[in-house]
Amino acid sequence: MNFFLEPLTLLTFFPLLGVLALLFLKPEWRSAHRWTALVTSLITFGLSLWVLDQFNAASGDLQLISRRPWISVAGWDIQYYLAVDGLSILLVLLTTFLMPLSILSTWTAVEERVKDFMIFFLLLEVGMTGVFLAQDLFLFYIFWEFTLIPMYFLIGIWGGARRIYAAVKFFLYTMAGSVLMLLAILWLGVYQGTFSLPGLIDRGGIPGDIQMWLFLAFAAAFAIKVPMWPLHSWLPDAHVEAPTSGSVILAGVLLKMGAYGFLRFNLPLFPEASVRAAPWVAALAVVGILYGAIVSFAQKDVKKLVAYSSVSHLGFVMLGLFALNPQGIQGGILQMVNHGISTGALFLLVGMIYERRHTRDLEAFGGLWKVMPLYGTLTLIVALSSMGLPGLNGFVGEFTILLGAFGSQAIGSYWFAGLAAVGVILAAVYMLTMFQKMFLGPVDKDENKKLLDLNWREILILVPLLVFIFWIGLYPKPFFDLMAPAVEKLLVGF
Amino acid sequence: MLFSEAMSTGFFNLAPLVVLFPGIGLLFNMVFGGRLPEKVVGWVASLAVGAAFVISILLAVSLSAIHGHAEIVSVTEWMSIGSLHLDWAFRVDTLSVAMMLMVSGVGTLIHIYAIGYMHEDVRFKGDPTRFQRFFVFMNLFIAMMMILVSGDNYLMLFVGWEGVGLCSFLLIGFWYDLDILGRPSLENAKAANKAFIANRIGDFGFLIASFLIFTYLGSLQFDLVFAEVEHVAQPVILTITLFMLLGVVGKSAQIPLFVWLPDAMAGPTPVSALIHAATMVTAGVYLVARSAPLYGTVPAAQEIVALIGAVTALFAATIAVAQYDIKRVLAYSTISQLGFMVAAVGMGAYAAGMFHLVMHAFFKALLFLSAGSVILGIERGYHAMSHGKKGHGFHHTDDEVFNPNDMRNMGGLKDRMPVTFWVYLAGTLALAGIPPFAGFWSKDEILLDASLHYPVVYWLLTAAAFMTAFYMGRQVWLVFFGKSRHEAAEKAEESPRIITAPLVILAGLSVLGGVLNLPHFHTLGHWLEYTLGELRISEFSWLMAGQATLIALFAIFLAWLLYGRREQAANEPDALKKLLGPAFVVFEHMYWIDEGYAAVFINRYKDLARFLAEVIDGRFWHDWLHDSVLAAGFGKLARFLADPVDLGLIDGIANGLADLTQWVASRLRRFQNGFVRSYALSVLLGVVLILGYLLFR
């Protein structure tokens, strides 16, 4: 088959066609840039559905492989190797699904240098899709680092007042972690003779102590990305300064790359180290869950509140993954998707009110439900989904994670899940407080009295997210079915 | 389906409709409600719940045709991971059907009443557009409650469990921009949050209990769980039941999580009736009854449950005697009566507990709704009054806000609102436990069981029963007898028929409801035995019944001595206050529990959050560690390398290199023109080169 027409290659690099088209458009044709980017991202989403259509959910193996030898200097075996399985298919879909919605959200929010913005945005999509599909460690590393560049510019050019500080911090933090991962990748490539992930897993046999060092080196990169407590300091800065669409992608997809990294590399490559590390990871996850939730409660900036809530939610994901049992891991993967949808939606909603009021200070609002009834109702649904109301998506993820963690042998104590469950109470506290301050009470500020409710474009952005909030909440079976065999296969190693 | 065919196979497949009908009602009203007249919206919602009631009857009929065997109606698989298998499945057995009948039956009456009540309420409060919203939330409430009682596993029960918590949030905060007196404020919204969060604390207990159940009993599906109970060690079951108890005290407003319920009357009165009587708060009692096989194996847990219920019953009753707000008295009464039910199911007297639950649903719904009718009557009087004054050229300048709920503003309503008076009286006698009203029979069964098995519980409950009769007597005299203490009460008017009709039906049920489970027949008890196994049913005792009746009559007599014999004047302190002094003040302020919780928990949590956010995360982590240590440290290192090391040592070498670099840079500068598109272009070129290499190598 022609290389470029192999499904995963086409999917990954298709946005480059949009970039190419954009390069030929004059800088002042802003509408054309928006439409080009939107159509490109929609076609990419279509391509991901085509991939889903060819995906065999009954198999836990890597599928739709697109593979070529690439660099073989000095005995190094570096391949161009893309493939998808149950661990990644949902995250790929999440990425391509969030892209068009994010682009739509910039329609009126981004007015300057639209062309450059869209180019970076589409490049970011290439990087993210590549991260989830790459099965060669070297290729993975290239995609991983590549995502930094467009995001750096998105924050640094289109961000808020302290954007340069935030962008540099984001870049340096992530970079610092990645360096250790690069060393570990090189060690594996040199001493195990291949950079191919399936090859490395088959070969196995890394001695326990070295496993631990390698585990930690990979973990450094991934834990910063997640971010796990206490490495989260870059996240609130990045979120607060990033433009809405950037925050959506940052929270929706980029953070998942960290958790996905643990799942894809740390668990199968270093099983013994993973088991040994499980209680420690779980402890950090639980601290993150509680810490993020408590700190959220004290925030005055809505966006910062949502950012800290991500620390809490990603703690749940990590707790689930390191439960090392089917409920925990499947719940963890689903919760990655859920967090992408719910937190993505929250950032979009915050962006919508920011466009109207040019502030995100909680104290500046009050009584908005009366002025913007639809906006209020949709925010409430998303907030409820985020705090894990049964019947909505967040609950299914949190419940299965906690259930898995509770009975997990690797974690080894009920305390972790028990304390994590306290996070469920705290989530209600900060989410309801946010809702109360923004939407309830009388409309006592003049600036808020004449706000317009959501327009059609904004409704169009939110409806797809709401569909999934209910779908996953009421009938998560299709989503679990997609990942079940791959998770089962992964757990054979434990 | 043909009727005859259905009779032979049963109507069980219709079970999902008990949730679906209210669901359809709410969707219909959500989509079209804005464009339809109020009457249509209200009746659609009421009919949706009424239809669920009809289905519940059909289910009961089918169930009795097959002698009460549980039927499971599975709709679809919900989730299945490893050994976890959960379905969306409905459980039709005598316990769930009893709850369904009660929820949808009383719910329908409350809906019909609300058509009339909300018509006036939205106008008094000045926002008629919320009429539609009200009925959407009400239907959602019923749907969630139906899921709660009909689910076949703990997790589906939990969906309804948290769902009603959400609905209480929505409905308590229905007037989210006002306070309870209709002034602009955040107060009602705060009450809504309080309810949700207090419930969530309970839900935490429920969650942990379900994790334990799954881990040790291997499933969350009721039958499978109960089949495993005997193979599991007692301490485990004890832990499970105690965590579950935390859920129960949250949802059924027992000590220590009862604080949300009194504030819950911030919602419109039909909501109070729905939350306090038919739904929501009964869920905790239902959960204990549903989990009878678990509680039955651990006597220690049973004792704790029974004690918590009994103490709550007395504690809340003492507060109720010292309240002035007509609904607040009823709210504390609800907590107290729930204490009776919790104590009953805790003692293992499931039949008595469930019996009281149903009877209470009748008479407490009646009392709340009639209290609503009283409040509307007073509000009408108030409006007539202020209108009249304006008409006579009076300048209306009273700054104090009129509180239509305050019993000190009432008095003498017996003649102006006769229907409301008579139905209220029926509710009062039922609650006070005067034979032959409904509450007498059910309360008597609980007391009887307690006297035989748990003497402490018996004494606590008897004291609570005494207080109950007293505060209801006080209320009736303050509201309906004597002279009006406010002009608004003088001008009060009776409510329209759409409001009084449901009251009359509920009054009938409060008078006659006892037939459901009369001594010797124990209809309800035997009906529940199909599900709960053989129940302990104590035989009627004339001594106990007579004693209880005398105590209640004596309490009413005392109330008459204090409030009836001599009329309260408008600004006179409460008669009981004169008698009890400081104790009354303690009761009046609810033992300062709210203030205590705020000082001990809520403010401490706020402090903790602020400390973590500002000091730890902000100043330490962000400013000091990152900015001062890491970033600044790197800067220092760089300067060290730049100045002494670089200038002194490497400069010589570097100068040469620098010239070279400058030359290269001047070449490169044309690429580095600061235009992002050029950077992007080079990135693209890079990607194209890589791909090209791949393709053509």
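Which residues do ring pairs link into a cluster?

1. In this predicted model, ring pairs join residues of both chains into a cluster. Chain A contributes A:Phe395, A:Phe399, A:Phe406 and A:Tyr414. From chain B come B:Tyr154, B:Phe158, B:Trp161, B:Phe206, B:Phe211, B:Tyr216, B:Phe222 and B:Phe226.

2. The interface as a whole may be described next. On the side of chain A, 77 residues are in contact with 69 residues of chain B. Between them the two chains bury about 6,500 Å², and carbon and sulfur atoms account for 75% of that area.

3. Polar and charged interactions also cross the interface. The rule finds 3 salt bridges between chain A and chain B. One of the residue pairs forming a salt bridge is A:Lys370 with B:Asp177, whose closest N and O atoms are 2.9 Å apart. In addition, 19 residue pairs are in polar contact across the interface, with both residues at pLDDT 80 or more. Helix α18 (residues 414-439) of chain A gives the most to the side of chain A that touches chain B, supplying 14 residues. By class, that side of chain A has 55 nonpolar, 13 polar and 9 charged residues.

4. Aromatic pairs number 77 over all chains. One of them is formed by A:Trp35 and A:Trp107, which meet edge-to-face with 5.3 Å centre to centre and 90° between the planes. This pair links distant parts of the chain, 72 residues apart: A:Trp35 is in helix α2 (residues 30-54) of chain A, and A:Trp107 is in the loop between α3 (89-105) and α4 (114-133) of chain A. A:Trp35 counts as partly exposed because its relative accessibility is 49%, whereas A:Trp107, with a relative accessible area of 16%, is buried.

5. A further aromatic pair is that of A:Trp144 and A:Phe222, again edge-to-face, at 5.3 Å centre to centre and with 75° between the planes. Distant parts of the chain are linked here too, with A:Trp144 in helix α5 (residues 137-146) of chain A and A:Phe222 in helix α9 (residues 208-225) of chain A, 78 residues apart. At 1% relative accessibility, A:Trp144 is classed as buried. A:Phe222 is buried as well, its relative accessible area being 0%.

6. Turning to the fold of chain B, the model shows 28 helices and 2 strands. Of the 697 residues in chain B, 58% are buried. Among contacts in chain B with a separation of 6 or more, 80% are between residues 24 or more positions apart.

7. Two peptide bonds in chain B deserve inspection. The bond from B:Ile255 to B:Pro256 is cis, with omega near 5°, and B:Pro256 is found in the loop between α9 (234-251) and α10 (260-263) of chain B. The bond from B:Pro435 to B:Pro436 is also cis, with omega near 0°; B:Pro436 is placed in the loop between α18 (418-432) and α19 (438-453) of chain B.

8. Positive phi values in residues other than glycine complete this note. A:Leu64, in strand β1 (residues 63-71) of chain A, has phi near 50°. B:Tyr591 has a positive phi of about 60° and lies in the loop between α26 (582-588) and α27 (593-668) of chain B. Its relative accessibility is 29%, so B:Tyr591 counts as partly exposed.

Terms used:
Residues are numbered from 1 along each chain as its sequence is written. Chains are lettered from A and ligands numbered from 1 in the order in which they are written. This is a predicted model: local features need pLDDT of at least 70, side-chain atom pairs count only at pLDDT 80 or more; totals for chains, interfaces and linings use all residues. Side-chain values use heavy atoms; hydrogens and water are left out. Contact means heavy atoms within 4.5 Å. Buried area is the accessible area (1.4 Å probe) that two parts lose on being put together, summed over both. A salt bridge is a side-chain nitrogen of Lys or Arg within 4 Å of a carboxyl oxygen of Asp or Glu. A polar contact is a pair of N or O atoms within 3.5 Å; within protein, one must be able to donate a hydrogen and the other to accept it, and residues adjacent in sequence count only if both atoms are side-chain atoms. Helices (H or I, at least four residues) and strands (E, at least two) are DSSP runs, numbered from the N terminus. Ala, Val, Leu, Ile, Met, Phe, Trp, Tyr, Cys and Pro count as nonpolar, Asp, Glu, Lys and Arg as charged, and the others, Gly among them, as polar. Rings of Phe, Tyr and Trp (its six-membered ring) pair if their centres lie within 6.5 Å; planes under 30 degrees apart count as stacked, over 60 as edge-to-face and the rest as tilted. Buried means under 20% relative accessible area, exposed over 50%, partly exposed in between (1.4 Å probe, protein chains only).
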